[in-house]
Amino acid sequence: MKSFKGEVLRWDWREGVLELTLDRAPANEIGTVMLGELEQFVSAAKNLAAETSACIISSAQPSGFSAGADLRELYHGAVALNEKDRSAGVREFLERTHAVLSWLDEAPFVTIAAVHGVCFGGGLELALVCDVIIADKMARFAFPELRLGLIPGFGGIPRLKRDLGNGFVRDLLLTGRSVNATRAHAVGLVPQLAAEGEALNLARSTAAQVTKFDPTTRTAAKKFIKPIPREELRQEIAIFCELFTRQAVMAGLKKFVENTGPMPYQP
């Protein structure tokens, strides 16, 4: 399937480039609907892989790339379950999400995240599976999970450690503060900066450059330079599930859900 339009995302393939556009108001929160459509995308991408050189992931929402996991859905689903079922439910969701992101992480084509606005939590974890993050100058990045009593659960810590090392990870994770695109560029998280509103255009020109290279060589180079931290990813799921059963987490999620501010996901 070379094109698709669902409830919360769409994709289109042309001339060797696959474009995935997230489009769920207000900020592309990743819940069960988004995950289901991402699974459909991965299935389609596998079938298109042999004729695909690059994949661009971007957002049609003006608020940004993605604010992360759908915490409202997570909370309401959790309160309806006992502790055992709650842990099993969140583990299933995490394992499905990891399957999608890990496939994108090691996809045989080049993946490019075109980021604007907020790129927080699970949204940053989605960007981190991409080979290249291109951000406009107004983008901001954060892991605010600790304020909920949690750690990132979609593979963010192992992938950020792989790319940047522990020092920046500790600063981002333990403070919960967001960093701007200039800082993200300085530490190497964002290799290419774009003018405001130009991240997608720059991503498209980068993808056009990628299509010039031999696919076998490109795939071999990516596999060599970008190992998948599988053991740490498994450990992250286990830690997240253990933390998720605590009452402090439910209290933090309840506080978030009851926040009536315009952007409760802001750290």
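**Cavity lining and sheet order**

Ile30, Leu35, Leu38, Thr97, Val100, Leu101 and Leu126 line the largest cavity of this predicted model.

Biologist: How many cavities of 30 Å³ or more does the structure hold, and what volume has the largest cavity?
Modeller: At the cut-off of 30 Å³, the structure holds one cavity. For the largest cavity, the computed volume is about 40 Å³.

Biologist: Which helix gives the most to the lining of the largest cavity?
Modeller: Two helices, α1 (32-48) and α3 (83-105), each supply at least two lining residues. Among the lining residues are Thr97, Val100 and Leu101, and three residues is the contribution that ranks highest, made by α3.

Biologist: How many nonpolar, polar and charged residues has the lining of the largest cavity?
Modeller: Thr97 is one of the lining residues, and Thr counts as polar because it is in neither the nonpolar nor the charged list. Sorted by class, the lining has no charged residues, one polar and six nonpolar.

Biologist: Which are the edge strands of the open sheet?
Modeller: Four strands make up the sheet, with mixed pairing and the order β5-β7-β9-β10. An edge strand here pairs on one side only, which applies to β5 (64-66) and β10 (179-180).

Biologist: In β9, which residue is the bridge partner of Cys119?
Modeller: Strand β7 covers residues 118-120 and strand β9 covers residues 140-142. The two run parallel and are joined by three bridges. In β9, Cys119 has as its bridge partner Phe141.

Technical notes:
Residues numbered from 1 in each chain as written. Predicted model: local features only at pLDDT ≥ 70, side-chain atom pairs only at ≥ 80, totals over all residues. Heavy atoms only, no water. 1 Å grid on protein atoms, 1.4 Å probe; cavity = no way out; pocket = protein on both sides within 12 Å on 5 of 7 lines; lining within 4 Å. Points joined across faces, edges and corners; volume = space filled by probe spheres on them. Pairing = 2+ DSSP bridges.
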